[in-house]
Protein chains: 2
Amino acid sequence: MSGRSRKEVPSWREPLVDYIRSRGGRVTAPRLRVAEVFFGLQGHPGVEEVVQAVQRRWPQIGQATVYRTLHLLVDSGLVEARQFGDRFSRYEAVGSEHHDHLVCDCCGAIREFEDPGIEEAQRRIADAFGFRMTGHRMEIHGCCARCVARQTRPRSGA
Amino acid sequence: MSGRSRKEVPSWREPLVDYIRSRGGRVTAPRLRVAEVFFGLQGHPGVEEVVQAVQRRWPQIGQATVYRTLHLLVDSGLVEARQFGDRFSRYEAVGSEHHDHLVCDCCGAIREFEDPGIEEAQRRIADAFGFRMTGHRMEIHGCCARCVARQTRPRSGA
DNA sequence: TTATGTGCAAATTCTTTGCAGCGTG
DNA sequence: CACGCTGCAAAGAATTTGCACATAA
């Protein structure tokens, strides 16, 4: 939420360009287009969803480029890759505040939450083990309120 | 650690047999052999490691059977499947107490820890969202003390 | 100009499945 | 003796890669 409301320079662009250049890489149209589409998506899209969204606007961009660009975004630190119960990766823009996830194993819904107590406990644990923490991920699995009401059952596993 | 020290009846056997029977399934030699080898392994083996360990002793057991038996163990609740940074699943015997993981992104080492504060915070958060929690997983990523000392660098991502 | 990036399709990797025969209950 | 389980190999799903052409710097 920073300033003008339409067609402003997106906040990901400068750090991305800087990162690419710092690597001796090239700022290309496909990279910027994939990034633009990705950052416009909601939620926690998998590659498939990103590819479809990209190809809706630029049909000639191949899926390999989407994969490669998502890796680039992850390396740049602007995006995080996660794997929830599914066997594919999902991607998520990195915001300023760290958040974790509630994963509904019944309907697949993913909600975010933030908890300072957990963040602090993590630092404490990492310290206790002489660990230099670079990140963490935590998921609470179960059934969301709606599925509980409907008595849907979880799919399997923990 | 329960009692006599050699060739005692392993603790996984009865619950596994009960589970299989409760499902109308059959207690077969391959299933018991895969289970025996699996529960004899240390750490957080992937399927590949389990297959190799199994085939060292029973070369005629196929990998499909290992996959199928691991799923059976997960369904029975005796084993949990996890995915860390890698793109394959790792399996871990379920103990009485819940523990979480410190994952070293430099050398791949995985350490376990347990923290009542985190367990409790999770319950509190699940409650706050009307979530019926069935489980959770949490990983702290970073560099372990040894890698920090050696100044090894993490591989990528979060 | 020249190395890096792209698009396509084929290759890899991990996992699941079809099927004929085997063995438990 | 019926139905579930096994082993094999082939199929599938997600992701990576080789290569010839395109293009940023």
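# A tour from the sheet to the DNA

Select residues 100-104 and 110-113 of chain A: these are strands β3 and β4, which pair in the antiparallel sense over four bridges. Helices (H or I, at least four residues) and strands (E, at least two) are DSSP runs numbered from the N terminus, and two strands pair if DSSP finds at least two bridges between them. This is a predicted model, in which local features need pLDDT of at least 70 and side-chain atom pairs count only at pLDDT 80 or more, while totals for chains, interfaces and linings use all residues. Residues are numbered from 1 along each chain as its sequence is written, chains are lettered from A and ligands numbered from 1 in the order in which they are written, and side-chain values use heavy atoms, with hydrogens and water left out.

**The hairpin and its sheet**

Show A:H101 and look across to β4(A), where A:E112 stands opposite. Follow the chain between the two strands: β3(A) and β4(A) form a hairpin with five residues between them. In the turn, A:G108 has a positive phi of about 85 degrees.

Next add residues 132-143 of chain A, strand β5. β3(A) and β5(A) run parallel and are joined by four bridges. To see one bridge pair, pick A:V103, whose partner in β5(A) is A:H141.

Now bring in chain B. The strands belong to an open sheet of six with mixed pairing, in the order β4(A)-β3(A)-β5(A)-β5(B)-β3(B)-β4(B). At the edges are β4 of chain A and β4 (110-113) of chain B, each pairing on one side only. On average, neighbouring strands of this sheet are turned by 25 degrees against each other, direction ignored.

**Helices on the sheet**

Select residues 116-128 of chain A, helix α5. This helix lies across β3, β4 and β5 of chain A and across β3 (100-104), β4 and β5 (132-143) of chain B, at about 130 degrees to β5(A). Angles run from 0 to 180 degrees between N-to-C directions, and axes are lines fitted to C-alpha atoms, for helices over the stretch in contact. Residues 116-128 of chain B form the α5 helix of that chain, which packs on the sheet and touches β4 and β5 of chain A together with β3, β4 and β5 of chain B. The direction of α5(B) makes about 130 degrees with that of β5(B).

**Helices around α4(A)**

Two packed helices are described by the angle between their axes and the distance between the axes. Select α2 (residues 29-40) of chain A with α4(A): they pack at about 75 degrees, their axes 10 Å apart. α2(A) is therefore roughly perpendicular to α4(A) (65 to 115 degrees). In contact (heavy atoms within 4.5 Å) are A:P30, A:R31, A:V34, A:A35, A:F38 and A:F39 from α2(A) and A:T65, A:V66, A:T69, A:L70, A:L72 and A:L73 from α4(A). By class, this contact has nine nonpolar, two polar and one charged residues. Here Ala, Val, Leu, Ile, Met, Phe, Trp, Tyr, Cys and Pro count as nonpolar, Asp, Glu, Lys and Arg as charged, and the others, Gly among them, as polar.

Now select α1 (residues 13-22) of chain A. The axes of α1(A) and α4(A) come within 10 Å and cross at roughly 95 degrees. From α1(A), A:L16, A:Y19 and A:I20 make the contact; from α4(A), A:L72, A:L73, A:D75 and A:S76. The residues divide into five nonpolar, one polar and one charged.

**DNA strand C**

Show DNA strand C and the 22 residues around it, of which A:R26, A:T28, A:T65, B:R26 and B:H71 come nearest. A residue is near a strand if one of its heavy atoms lies within 4 Å of it. Zoom in on A:T65, where a side-chain N or O atom is 2.4 Å from a phosphate oxygen of the strand. A:R31 has a polar side-chain atom 2.9 Å from a phosphate oxygen of DNA strand C. α4(B) gives the most to the surface near this strand, with five residues.

**DNA strand D**

Finish at DNA strand D. Among its 22 surrounding residues, A:H71, B:R26, B:R31, B:T65 and B:R68 come nearest. A polar side-chain atom of B:R26 lies 2.5 Å from a base oxygen of this strand. At B:G62, a backbone N or O atom lies 3.3 Å from a phosphate oxygen of DNA strand D. α4(A) gives the most to the surface near DNA strand D, with five residues.

Key:
Polar contact = N/O pair within 3.5 Å; in protein donor to acceptor, adjacent residues only side chain to side chain. Parallel < 35°, antiparallel > 145°, perpendicular 65-115°, else oblique.
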